[in-house]
Amino acid sequence: MPQNLTIKQWNPDDRPREKLLEKGASSLSVAELMAIVIGSGSPGESAVALMKRVLHNHQNGLGDLHNSSLQNLLRFKGIGVAKAIKIKAALELSVRLNHLPDSEK
């Protein structure tokens, strides 16, 4: 997708929310899933492009991103307090899910 287009300008089949509805969550990349979590990008950068940039700077790994501090996330242009908190909360939920007994999953 061109960097300067907002997700609303993308083909509906390529939009993360619509893709999840049509094909399921497993069909989305980590950046697309995290874009849904943060909800929006910033002027000139879609939420997907923003999360690709953030993930690239965290060795494309959720573990590295999970271990990142709020202050580190805030250094990325387009990530403010609200988005940083959403990222940290989503990753913490995944950790807690992994610690549930199989009978509770």
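**View 1. K19 and E32 join helix 1 to helix 2.** In this predicted model, the side chains of K19 and E32 meet in a salt bridge, at 3.2 Å from N to O. The pair links distant parts of the chain: K19 belongs to helix 1 and E32 to helix 2, 13 residues apart. Are the two partners buried or exposed? K19 has 17% relative accessibility, so it counts as buried. E32 has a relative accessible area of 10% and is buried as well. The cut-off for buried is under 20%.

**View 2. The surroundings of K19.** K19 is found in helix 1, which covers residues 16–23. Which residues does K19 touch, leaving aside those up to four places away in sequence? They are D13, G24, S27, L28 and E32. One of these, E32, is also the salt-bridge partner of K19.

**View 3. The R15 and E18 salt bridge.** R15 forms a salt bridge with E18. Their closest N and O atoms are 3.7 Å apart. R15 is buried, with a relative accessible area of 19%. E18 reaches 33% relative accessibility, so it counts as partly exposed. Partly exposed runs from the 20% limit of buried to the 50% limit of exposed. The count for the model comes to four salt bridges.

**View 4. R96 and E92 pair within helix 6.** The side chains of R96 and E92 meet in a salt bridge, with 3.0 Å from N to O. Where do the partners sit? Both lie in helix 6, four residues apart, which is about one turn of the helix. R96 is exposed, at a relative accessible area of 56%. E92, at 29% relative accessibility, counts as partly exposed.

**View 5. Helix 6 along its length.** Helix 6 takes in residues 81–98, which makes 18 residues. What span should they have? At 1.5 Å a residue, the expected value is 26 Å. The end C-alpha atoms are 26 Å apart, so the expected span and the model agree. The expected span uses one less than the number of residues.

**View 6. The two sides of helix 6.** K83, A84, I87 and L91 are buried in helix 6. They cover an arc of only 105° around the axis, which puts them on the same side of helix 6. On the other side of helix 6, V81, A82, L93 and R96 are exposed. Which helices help to cover the buried residues? The cover includes helix 2 (30–38), helix 3 (47–56), helix 4 (62–67) and helix 5 (70–74).

**View 7. A nonpolar surface patch from helix 5 and helix 6.** L70, L74, V81 and I85 form a nonpolar patch on the surface. Together they have about 320 Å² of accessible area. Which elements give two or more residues to the patch? They are helix 5 and helix 6. L70 has its place in helix 5. With 32% relative accessibility, L70 counts as partly exposed. A patch residue needs over 30% relative accessible area, so L70 can belong to the patch at 32%. V81 is one of the exposed residues of helix 6, and V81 is also part of this patch. Helix 5 has another role in these views: helix 5 is among the elements that cover the buried residues of helix 6.

How values were computed. Residues numbered from 1 in each chain as written. Predicted model: local features only at pLDDT ≥ 70, side-chain atom pairs only at ≥ 80, totals over all residues. Heavy atoms only, no water. Buried < 20%, exposed > 50% of the residue type's maximum accessible area, 1.4 Å probe, protein only. Arc of directions from axis to C-beta. Contact = heavy atoms within 4.5 Å. Patch = residues over 30% accessible without salt bridge, like charges linked within 9 Å, V, L, I, M, F, W, Y side chains within 5 Å. Areas by Shrake-Rupley, 256 points an atom, 1.4 Å probe, with all protein chains shown as cover.
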